[in-house]
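Biologist: I should like to go through this model and ask how each term applied to it is justified. May we begin with the structure itself?

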Amino acid sequence: MRSTQTLGGYMKRANAIKTARINFRITTAENDWLISQAKTEGKSVAALLREIVLDDLRSTQRASAMENHILEFERRLVNTLHYLTKEMRRLNSTEQVTLSAIDIFLRTYLTHTPPIQEANREFARQEAKRRYDEIITAIHRGLSDDFGITEVARTFLTSEENEHEQP
């Protein structure tokens, strides 16, 4: 006689369907209901039980699949929130660096730029407005034409150079 392992290996190679026998205890009332239900449906009690068990297994598998989808969605949601948190920290850090740079530029300007004489203030105000409008236009042109900041700087610096060349 063959050993159990050899027989199991043979059954796997032969693609034999394995069956399992399940024994359980039920009350007399449940047994009577099973017998009457089986007669009503024209099935044997074993076939009816098999159908009930398989339906239950399928519904459990569907619930398990839904649970897996929910868990996957929750995992993606947590990853997204983690990414957004990191991005917010990065933006906050970038904002702090930008504010520090502005602070340095303002301190340098206020420390090294002499006050404008009263007689030149109106001309300085007009000149500042013109230069401000030029840089805003250059920034707008750079953003709308998909140019980078280098294009904005080049446009602004070119207009500054042209201004100094004119007498």
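**Pocket, patch and fold**

Modeller: In this predicted model, the second largest pocket holds about 240 Å³ of space. It is lined by 10 residues, of which A124, E127, A128, R131 and Y132 are the closest to its centre.

Biologist: Which helix gives the most to the lining of the second largest pocket?

Modeller: Helix 4, residues 121-144, gives the most, with 7 residues.

Biologist: Why is F73 called partly exposed?

Modeller: The relative accessible area of F73 is 47%. Buried means under 20% and exposed means over 50%, with partly exposed in between; F73, at 47%, is therefore partly exposed.

Biologist: Where does F73 lie, and in what surface patch?

Modeller: F73 is placed in helix 3, which covers residues 45-112. Together with L77, L81, Y83 and L84, F73 makes a nonpolar surface patch of about 510 Å². Patch residues need over 30% relative accessible area, and the 47% of F73 meets that cut-off.

Biologist: What makes the pattern of the chain α-α-α-α-α?

Modeller: The chain has 5 helices and 0 strands, so the pattern read along the sequence holds α elements alone.

Biologist: How many of the 167 residues, as a percentage, are buried?

Modeller: Buried residues, those under 20% relative accessible area, make up 5% of the 167 residues. The accessible surface of the chain comes to about 15200 Å², and 59% of that surface belongs to carbon and sulfur atoms.

Biologist: What share of contacts between residues at least 6 apart in sequence joins residues at least 24 apart?

Modeller: That share is 20% in this chain.

Terms used:
Residues are numbered from 1 along each chain as its sequence is written. This is a predicted model: local features need pLDDT of at least 70, side-chain atom pairs count only at pLDDT 80 or more; totals for chains, interfaces and linings use all residues. Side-chain values use heavy atoms; hydrogens and water are left out. Patches are made of residues with over 30% relative accessible area and no salt bridge: like charges are joined within 9 Å, nonpolar side chains (Val, Leu, Ile, Met, Phe, Trp, Tyr) within 5 Å. Accessible areas come from the Shrake-Rupley method with a 1.4 Å probe; for residues, only the protein chains shown count as cover. A salt bridge is a side-chain nitrogen of Lys or Arg within 4 Å of a carboxyl oxygen of Asp or Glu. Helices (H or I, at least four residues) and strands (E, at least two) are DSSP runs, numbered from the N terminus. Buried means under 20% relative accessible area, exposed over 50%, partly exposed in between (1.4 Å probe, protein chains only). Contact means heavy atoms within 4.5 Å. On a 1 Å grid over the protein atoms alone, a cavity is a set of points where a 1.4 Å probe fits but cannot get out, and a pocket is an open set with protein on both sides within 12 Å along at least five of seven lines; lining residues have an atom within 4 Å of a point. Grid points are joined across faces, edges and corners, and a volume is the space filled by probe spheres set on the points.
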